[in-house]
Each structure stands twice: as C-alpha cells, then as structure tokens.
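Biologist: Could you take me on a close look at a single chain of this model? I would love to follow how its helices and strands pack, and how it meets its neighbour.

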Amino acid sequence: MIKNYFKIAFRNISRNLGFTFLNIFGLTLGVAACLAIFLIVRNELGYDSQNSKSDRTYRVTLHALDYNANISMGIIPTMRTYFPQLEHATSVFYQPEVNIKIGENRFAEKNLVIGDSELDKVFDYQWLAGDHSTALSDPNSVVLTETLARKYFPQNNAMGQVINFGDKNAKVTGIIKDLPANTSMPLNLILSFSTYQKQFSDMARFFWNISGGAYAYIVLPKSYSVHTIEQQIPGYIKKTWGKDVDASVQLPLQPLRDIHFDQRYINNIVTPTSKDTYYALIGVALLIIITACINFINLATARAIKRAKEVGVRKVLGASRPQLISQFMGEITVMVVISVLLGVGICALFLSQANSWMSIDIAPGQILQPEVLSWIVAITVVVILCAGLYPAFVQSAFQPVDSFKNNSGVSSGGLTLRKGLVVMQFTISQVLIVGTLIVASQMDYFRNQDLGFNKDAVISVRIPTKEKREVFQQQLSNMPGVKEFSVSSGSPSYNNQWAPFSAPALGFPKDNVTEIKYIDEKYTDMFQLTMLAGQKITRKAPTDSVHKVVVNETLMHELGVQDPQKFINQRINVSGNLVTVIGVVKDFQSESKHKKRRACVLEYTPDRFFTASIKLQPKNMPATIATINKSWSTLFPDDLFKYEFIDEHIAAMYKQEQKVYTAFQLFSGTAILIGCLGLYGLIAFAASQRTKEVGIRKVLGAPLHSIVGLFTREFITLIAIAFLIAAPLSYFIMHKWLQNFAYHITIGPAIFFIAIAASLIIAALTTAHQAVKAALANPVKSLRSE
Amino acid sequence: MIKITELQKYYRTEEVETIALNKLSIEVKEGEFVAIMGPSGCGKSTLLNILGLLDDPDGGSYLFNSIEVADFNERKRADLRKHNIGFVFQSFNLIDELTVFENVELPLIYTGVPSSERVTRVEKVLDKMQIMHRRNHYPQQLSGGQQQRVAVARAVVNNPKLILADEPTGNLDSSNGNEVMELLTDLNEQGTTIIMVTHSEHDARYSHRIIRLLDGQTVMENIMI
C-alpha cells in the first residue's frame, strides 16, 4: 500500500511539473533560508558557549562612573587571595592592533592578548604544539594561532622561532587552534603576561575608576553560587582598596555567555548586540515557512477540484478516508522531502559564499551535526503536517456522488480559505517590506546623518613616534592631494580615552565620566565642528600654564548649565586638573547611535597626538594615498602604513546591524519571492478554471483590459485588506525595534506608501502574464474544450 | 438480493425542494439483469447511487442480501461496497495517473489482497477483457471502447455479486457499445447481478427486465423475452 502511495505521488509530481516546481522551488528556498537563519542565530546566540566552563565563568567588571568592561590590573591578584575558592582567575591586557616584524617581513595583526597560564584554564584553548601549562610562564614567550603560525612560517615549524614586537622579541612557545568567530575575546596571539610584569605591576597598584587596563575573568567551582561571591565583593573592595574607593563602586560579575548581549558596557572588545535582533530573524524564518506552507495549501486545495474525480473513483472502489488521507500525505511527504534535501544543499552552498559577505563564520559542515540534523527532521515533519493535513482532509472528504457531478459542491469552502491565506501572504510581505525599508533608513541614518561633524574623504593614520611627527606634518602640507590635516588623539568617531570630571564651583563635587580628546588647532575646522560659544582650541604656547578646554553641550548640561555663553570661563576639574572652559561645541557623534551622547572635553596636548586625520582632495585619492605611503615608508621604515577611512570606521560600528540588515534584505526577499511563486500558481489555476467564462465574455465582446481586470481586481482587494493589517502591525514592531537606539529615525507615511505600491507592483507582475494569456486565448478553443 | 421499499430522496436548495425518489419500491433477484430507463431527471442516477451505497436515502428501506443498509454509516457502506459491488460509468472514470494494470488493481489493494495474488487476478481479468496487451498504457492512450473495457475489468476484478452500470455505452460508438454490452451479458450469464441505467432501448434489450421511472416513481415494468 505504502509503495503504491509513493508510486502515485511520484507520478503525480512528474505529471504536474509546473505545479510541482512552484511548490518544491518555493519550499526549497524556504527551507534553505530557515536553515541558514537557524545556523546564524545558533551561532550568534552561542557566543562563548564553546568553552567547557562557560556556564560558571564570569567577567569581573566595574560599575563606578559607568559600566566598564575594563578594570584595574590589581583586581585579579587580590581577588585570588581574598577568594581562595575560585577555581581559576586571570587578567588579560588586550590590544586591538599590533605591528610585528619577523626577519625583514612586517605584519599588522589584530587581537593581541597579553595573558598568563591561567588564561588557558579559563578558556581551554586547543593546543596543537607546546605545553599549555608552561607556554606562557616565561617572559618573552608568545603563542600563535594555527593560521598565524602557518602565515609567518610557511616552510618551518613555528615553535622556537622569534617574533619582534617593536620593543620586545618573543619566542614562539605554543600553537593553538584558531578561535571560533563567536567569542567575546578574540585573539590571534598571546604574549606572556610576565613580559610586561613591571609595567603591569605599576598599573596594578591602583583601583582605577575608569579603564584600568585589564579584562578579568574568574571561574567558579562546580555548583558554587555566584551570589556567595557577589555578597562578599563589597567586603573585598573595602579590605583591599581601603577608604579611597567610594562605597557606591561595584564590581559586577557578568556571566561569560551574557557578554555579547549586554549593551550597557563601554570598552567591550567585541561590540555587543541585542538578542531582540536575532529573535526578529527567527520571526522572519517563521514567516518564510508559513509563506511556503501557504503555497502548498493554496495550490493543493485549488487543485483539489481537479482531483475530486479521482477521490470519487477511489472511494467507489473501496478506499477509506484514512487511506486517502495517507495517500495525500504521502504525496506531500515526497514533495517536502525533496524540497528539504534541495534546501539543505542550497543552504550549504549559500554558507560557503555568505560567510565573507555577511561576516559570519559558519562552516557548511555544521549542517551534519546531530542537533542541526534533528532540527531539519523536525522542520520536515512540521511542514508536512502544516502543509499537508488540511488539504488531505479536505480532499479526502469529497463524496463520490458530488465529485462525479459538476464539482460545484467541491470548491466554494476552499476558495474563502485560499483568499484568507493570500491575504496572510500579502500581510507577511508588506510587513517585511516595511521592516526592511525602516532598517535601511536607520542604517543610512547611522552612517550619514546627524553626526555633528564632516567625515567625507578623511583617512585616519596612527603615528608611531612623536619625534618624526612634525616632519610628517611638514610633508603632508606639501602634498597637493591633501586638502587639510590635523593631529589629535583620534578623529571625532574614535573614542578611546575617558577621564573623570567634576565642578565643585557649580555644585557638582562628585566625579562623573567624560570622554577626552586631545586635538590640535586645525581639528575644529577640518571636521567642521560647530562652536556654540567661545573660542576654538588653539595652539598653546609652551609657557602658557593655564589649561584651556572646549567642552560639548552634554557636559555643560550635565553640570546644569543651559546657556553656552554662561559656561565660558567656568572652571572644572578634569582628571584632577583645574581647567578653564574657553568654548562650547555642539555635540557630535563619537560613539555608535545605540547610546546617548556623552560628555566630551577637547584639549590641546601635543604629547597625545598619536593620530593624523588627513582630508584628501576628492580627485584621485588612490594616488594621494600612494604618495603619503611613500613618504611614510621613508620616515617610519619599521611600521606599515595602515590607514582607515573614517566613514568606514563609522560603518564598522554598525557591523552587527549591517549583518542583520543584509540578512533581512536577503530573507525578506526570499519570503516575498516564495509568496509570488504561490500567487503565480494560484492565478494560473484560476485562469484555467475560468477558461469557459473568459471564452463566453469574449464572445459577448469583452475587451482585453476588462478580462485582465477580472483576474487582477480580486487581488487588489486582497492587497488592500492585507495592508490594513500590515500597516499597524509593522508600525508596532518596527517602532519597538527603533527603541534599541538612542538616536533613530521617525517612521513616516512614505514607507507605508512604498510598501503597498511594492505589493501592488509585485502582484501585478506576478499575475499579468497569466491574466493576459487567458484574455488572449481563442474563445472558440476554450469553449470547445469545455 | 435487493429489495427497496418506499425509498425517498429529496434535494433541497434554499428555495426549492425537488423529489428525486418518491416512495419507490423495487426488487431485484440474484442473477438478474435489470435495465432502468426514463427521461432526464427521473431519478435513475439517484437510484443507482443509493443502490451502490454512494448516497443515503431520506426515507424507506433498503435491504441488501436481507440486511437493512439504509442507515449504515460511511465506513460500513464503504466496507459492504468494496466487497460486493462493482461500478461501470458512462465516462469510464479511470484514474489518469495510473496505468491500465494499476487501475484494475486498485479495488484489490483496497480490499487488502496480497500483491502476488493481485497480479494473477488482474492479469486474468485483463486477458478475459482482451486488453492484456495494453496493460502498461495510460487511459489517455486508449480508445473509448478500450477504456470502458478497462472500467468493466476494474468493476469485476473483485468478483462482485452486483454490477451497477450507469449508461455504460453512452460515450461509445455502436460497435464498441455492443462489445461492452456483450461483456456485461457474459458476466450476467456467469451469475453476476447487473443493474444498468440507460437511455438506449437497444442496450436495454440485453436485460431481462426494464424498469421505467418518471418523477421518482415506477411507471412501467417490461419483462424481456
């Protein structure tokens, strides 16, 4: 019997290739998209889960002036003594970039970590060479990832080789496997902590209310409550750091697996992301599968009329209803299984390409993991049941007596359902169109609008030594391709220095946190910062002992002053120095727009001018960059010329959003395409059902447009109904999403107009071919065939 | 074999009630060949549907082999039908997706006959209907006469006691029509009871008895000599 069902299923599939193609292709895309989303979300939500102790590993953080991921180097050594029960505890120093020299070859690498042997015990790296218990014990030892070891020493064994880090030489004492991309502490090289023992010991003497240099991790013993440690932390702070530390200061323990999703902290190594974003992607996956299932149901119930005779005959010959349900379910099963297999294949192909352009790191081989395979089986069963049960029940309910007549009793119920489902599909596609448009507008807003400074055509270069800075500046000023340049601690969008500030004179004796930027006299004009009152930062004579600063609006507001004019000449404390405010600048965006703008102080301090910001003439920028590179290589032969366009740097702040946006575009497009396939099938079917009607109308003189209208009018009504549901629904969802950002766009009516227009165009394009074909058919033929 | 007494069937729409069978009483004995005739809308097909347990009556009694079946539920009717009744339709009603062999095999599948026995029985009946050489063809590849022979083969493969034929020659030319009527006559001679609805006086002459219906009632019975 089962064999018979499958035989018939295959034959039905091959007999109705068009219909089968629409169904299978739609579901294949749906399964591929859902599987890709499943893997992406699993990867993202699985941040730091690769670590065997991840459920009892915590990052020790600082809540003093702000939530800060970076704490004093002194915390971990003292915690080890105060909390002997800790299984492991380690501090690391993290450097985002490092210049390396091996022989004559120079490299600029990312993610250098300086750590001790405990680091491996916390994160259990997989060692390919070297002894993990001693590799990081001695000074000047370095551990490389497999990729770097191969890159630096393609011919030789990397072990024992020497690498130069500028001021230090280090010997390779270990090689570990590359870390997965979903780690909150990425690293390519580990330099032994003891290499910088002296410097770190100095830093470790202080508590540091802001950024003490270390990222600290502890591992609790198995089944040990974190609350026990948390309760003892105030006692530890008091005993270890004495009265100097304010009673309000806390050291929150942040679970390792929460780091990637906790957006409160400054100084994170990897920008955290909101879990909501991934839940939204799961939502899109659900919508895709629903759309694909609707196609199945719609096309199957539409075709049911054609199959009514077959059902009647089978019943007359003795088929029971359960037997017929099994037969229809068998057919659906065959189609779903084919689609799932194809979908899995497409997903694997997609992943092999998408990893680079979506900045994800998911090996296609993950599909074969038992967890993923069971998910695939589960989705197969769910789709079979969702897409198959209803049509199977409807079709098997046909009575032979009705089905041998003119089928009139067979179709009407299904028609209402089909219209309802089509409305649902249009609703889904409109919600996705609105969602994608809003995400796109927000992305544009992030990168281009309301930044408070001009970012165009500016590159940023870190200057290695201050001795030759003046010469470099001199050379830049002679290059015709360079429009302007400025030296500073960083361009407006680079924020890396923090300082405490207070203003006892204004009634704010307690420290608060401000960003601090050290800038030269050209900075304000080059970046087109807007002065609200007072003067710009100017060059300070070496003899001038007065500290003069420019502050931003936020700082002024935080000190309770609203009028910029009144803030001029006020004296405030910054990093323990009394400074005079000589100007107030309009707020500019130095961090991502996820967060409220912070207080900022601008000060002229040439010692801190590590960065050159160079504004290029728009013409022939590559040639100018080549010229800068040339003079750089002469001046700084040991350092690579590494530059970054500021707008790229800004875009990188929204890497997570960009990733999600790319995913949304892709998957929304997929959902809409699947919906179109179903719609096409449905109208093709409607056209074939109405051949006779069209024939009669034509004989009676109906023009082409009235017949095309016959098919399209109905869909326009359905789109309008869908819009009434989709507009408020998408407004609600997207309004909520935008609340994730401190600065966001407002949702205007234009987006909704575009969504309904897009729906109409999509539906028109989808239905036009079939409608016109039906309208152009020869009525003699269509009437005869009836 | 069949005894219906005061059988009633109505069709209702929102405004109109049509009486299809009006207290109709008929008896058919085992081994009989009965033709039912009458103008369109007289209730012939309704009667055949009820006799074939495809439809249920609104009143009256239907005894099939002395068992009251008028109030059987669908499952019981289906069970009785598949073991006892074969159908032949005017429009053949073969399943387009199945080959000749598979169409004929279908009733045996539904009655749970094992695969090896099915092959033997289907081949035997195809042979008898002289359609064996077309066993792997699909219905669309056959002529009307051949399709109806397949339909007859399918109707008899389960050795039913009763065959209900609804205008079996209606879609055939006279020579093919005669062939089908000969087949039915042969089956009847071998003991199968046949009830046939027809418009054709010519076909009706193959039967033993003609029942003429009008407005859901018997108006005349002719015994054929």
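Modeller: Happily! A helix crossing is called right-handed if the near helix is turned clockwise from the far one by less than a right angle, and left-handed if anticlockwise. This is a predicted model, in which local features need pLDDT of at least 70 and side-chain atom pairs pLDDT 80 or more, while totals for chains, interfaces and linings use all residues. Residues are numbered from 1 along each chain as its sequence is written, with chains lettered from A and ligands numbered from 1 in the order written.

Let's start with a helix pair in chain A. The crossing of α2(A) and α10(A) is right-handed. Helix α2 spans residues 17–45 and helix α10 residues 370–396 (helices are DSSP runs of H or I, at least four residues; strands are runs of E, at least two). Their axes, lines fitted to C-alpha atoms over the stretch in contact, come within 11 Å and cross at roughly 140 degrees on a scale from 0 to 180 between N-to-C directions. The two are therefore oblique to each other (neither under 35, over 145, nor 65 to 115 degrees). From α2(A), the residues A:L27, A:V31, A:C34, A:L35 and A:F38 meet A:W375, A:I376, A:I379 and A:V383 of α10(A) (contact: backbone-placed C-beta atoms within 7 Å). That contact has 9 nonpolar residues, with no polar and no charged ones (Ala, Val, Leu, Ile, Met, Phe, Trp, Tyr, Cys and Pro count as nonpolar; Asp, Glu, Lys and Arg as charged; others, including Gly, as polar).

Now the strands. Chain A has an open sheet of 4 strands in the order β15-β23-β14-β24, with antiparallel pairing (at least two DSSP bridges per pair). At its edges stand β15 (482–488) and β24 (643–645), each with a single partner strand, so one side of each is left without a neighbour in the sheet. On average, neighbouring strands are turned by 25 degrees against each other, direction ignored. Within the sheet, β14(A) (458–462) and β23(A) (611–616) pair in the antiparallel sense over 5 bridges, and A:S460 has A:S613 of β23(A) as its bridge partner. Helix α18 (646–653) of chain A lies across β14 and β24, running at about 75 degrees to β24(A).

Finally, the neighbour: 17 residues of chain A are in contact with 16 residues of chain B. On the chain A side, α1 (2–15), α8 (275–316) and α11 (400–404) each give two or more residues. The largest share, 5 residues, comes from α1(A). By class, this side divides into 8 nonpolar, 5 polar and 4 charged residues.

Note on methods: Contact = placed C-beta atoms within 7 Å.
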